[in-house]
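Visitor: I should like to understand how the descriptive terms applied to a protein model are justified. May we go through them one at a time?

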Amino acid sequence: MFFETLKYRLNPKNRHDIKLQKELFAELKKFGFNFHDHRQFNCDTFKEKDKQVVPILISYIDRFESEGCRMQYLSALGVKGFNDATEYLISKYKHYLRPEYDQMQLNVVSQTLAKICDLRFLNDYFEILSSDVTIDACYLVQMLGKLKVEAAIPYLIKLFDCANIIPEKWVGTVLESSKYYVSQCAIEALGKFKKKELNKYIEKFLNPSELQWISFSEESKNLLKSTYKDYIKAAQKAMC
């Protein structure tokens, strides 16, 4: 990391962010943290007891010019109990979703939100899962299943029969199969509730070849068989 850090610091275009980093690190040092590089920040950097860093990070993140820096610091908010970051992250999610779908940034924001596990904003999560559902929503789906949020059940069921949005450049490649990932995650999430009455929504995925809406572009038709297997695996895991 030493040589990468040195190269980063010597690059004139990073001057603004380096100055800002020094200010941020000085703020965090008041609480006993000793940082020297933005790459030290990730979801394991802080613990739940470190909640005092949340408003500090939020006040700095959007001031960085480098998107890589912003995402690095943003990911450090992904700590269970960092609830003061939730509203900020939801606003970032909506920002990266529209008007242009920024998959890389949305992925980081969604993961970070899911790790916090703040259930005060269920309506916002349900809104995210109700329209323009991208592959990045999978983390929220998994969180709602893991926490067995009863109110999420109808939203999870609606996700069963849909293809989520993926980046256009993935179409026609092996990554095109990802357009059914949120659907599969929703099936597994519903299985976490361990309710036999929910089996009726899941059992059709034991025979996915009968579902005509599962299809691919001409270039990716070879993915059909493996996608069927993924659905069968998810359904078997979810049935009780």
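**Reasoning from values to terms**

Guide: We may begin with a pair of charged residues: the side chains of K221 and E218 form a salt bridge, with a nitrogen-to-oxygen separation of 3.2 Å. Please bear in mind throughout that this is a predicted model.

Visitor: What makes the contact of K221 and E218 a salt bridge?

Guide: The term requires a side-chain nitrogen of Lys or Arg within 4 Å of a carboxyl oxygen of Asp or Glu. For K221 and E218 the value is 3.2 Å, so the pair meets the rule. By this rule the count comes to 16 salt bridges.

Visitor: Why is E218 called exposed?

Guide: The word is used for a relative accessible area over 50%. E218 has 60%, and is therefore counted as exposed.

Visitor: How do you know that E23 and R63 meet in a salt bridge, and which parts of the chain does the pair tie together?

Guide: Their N to O separation is 3.7 Å, and the cut-off is 4 Å. E23 lies in helix 2, residues 15-29, whereas R63 lies in the loop between helix 3 (53-61) and helix 4 (67-75), so the bridge ties together parts 40 residues apart in sequence. In addition, K19, E23 and R63 are linked in a network of salt bridges.

Visitor: Are E23 and R63 buried, exposed or partly exposed?

Guide: Partly exposed is the term for values between 20% and 50%. E23 has a relative accessible area of 30% and R63 has 40%, so both are called partly exposed.

Visitor: What makes K204 and D161 a salt bridge, and where do these residues lie?

Guide: The side chains of K204 and D161 meet at 2.9 Å, N to O, and this value is within 4 Å, as the rule demands. K204 is in the loop between helix 11 and helix 12 (224-238), and D161 is in the loop between helix 9 and helix 10, so the pair ties together parts that are 43 residues apart in sequence. K204, at 34% relative accessible area, is partly exposed, and D161, at 39%, is partly exposed too.

Visitor: How do you know that C162 is in no disulfide?

Guide: A disulfide needs two cysteine sulfur atoms within 2.5 Å. The closest cysteine sulfur to that of C162 belongs to C185 and is 11 Å away, which is too far for a bond. For C240, the nearest cysteine sulfur is again that of C185, at 19 Å, and C240 is in no disulfide. The structure holds zero disulfides.

Visitor: Why does C240 count as partly exposed?

Guide: Its relative accessibility is 36%, which falls between the limits of 20% and 50%, so the intermediate term applies.

Visitor: Why is L113 called buried?

Guide: Buried means under 20% relative accessible area. L113, whose place is in helix 6, has 0% and is therefore called buried. Across the chain of 240 residues, buried residues make up 50%.

Visitor: Which residues form the positive surface patch, and what makes it positive?

Guide: The patch is formed by K80, K146, K148, K192 and K194. Each of these is a lysine, and Lys counts as positive, so the patch is given that name. K148 is placed in the loop between helix 8 (138-146) and helix 9 (153-160), and at 45% relative accessibility K148 is partly exposed. K194 is in the loop between helix 10 and helix 11 (199-202), and with 59% K194 is exposed.

Visitor: What is to be noted about the phi of K194?

Guide: Phi of K194 is near 55°, a positive value in a residue other than glycine. Most residues other than glycine have a negative phi. C117, in the loop between helix 6 (103-116) and helix 7 (122-128), also has a positive phi, near 60°.

Visitor: Finally, how many helices and strands are there in the chain?

Guide: The chain has twelve helices and zero strands. Its C-alpha atoms fill a box of roughly 60 × 40 × 30 Å along the principal axes.

Conventions:
Residues are numbered from 1 along each chain as its sequence is written. This is a predicted model: local features need pLDDT of at least 70, side-chain atom pairs count only at pLDDT 80 or more; totals for chains, interfaces and linings use all residues. Side-chain values use heavy atoms; hydrogens and water are left out. Buried means under 20% relative accessible area, exposed over 50%, partly exposed in between (1.4 Å probe, protein chains only). Patches are made of residues with over 30% relative accessible area and no salt bridge: like charges are joined within 9 Å, nonpolar side chains (Val, Leu, Ile, Met, Phe, Trp, Tyr) within 5 Å. Accessible areas come from the Shrake-Rupley method with a 1.4 Å probe; for residues, only the protein chains shown count as cover. The place of a charge is taken as NZ of Lys, CZ of Arg, CG of Asp or CD of Glu. Helices (H or I, at least four residues) and strands (E, at least two) are DSSP runs, numbered from the N terminus.
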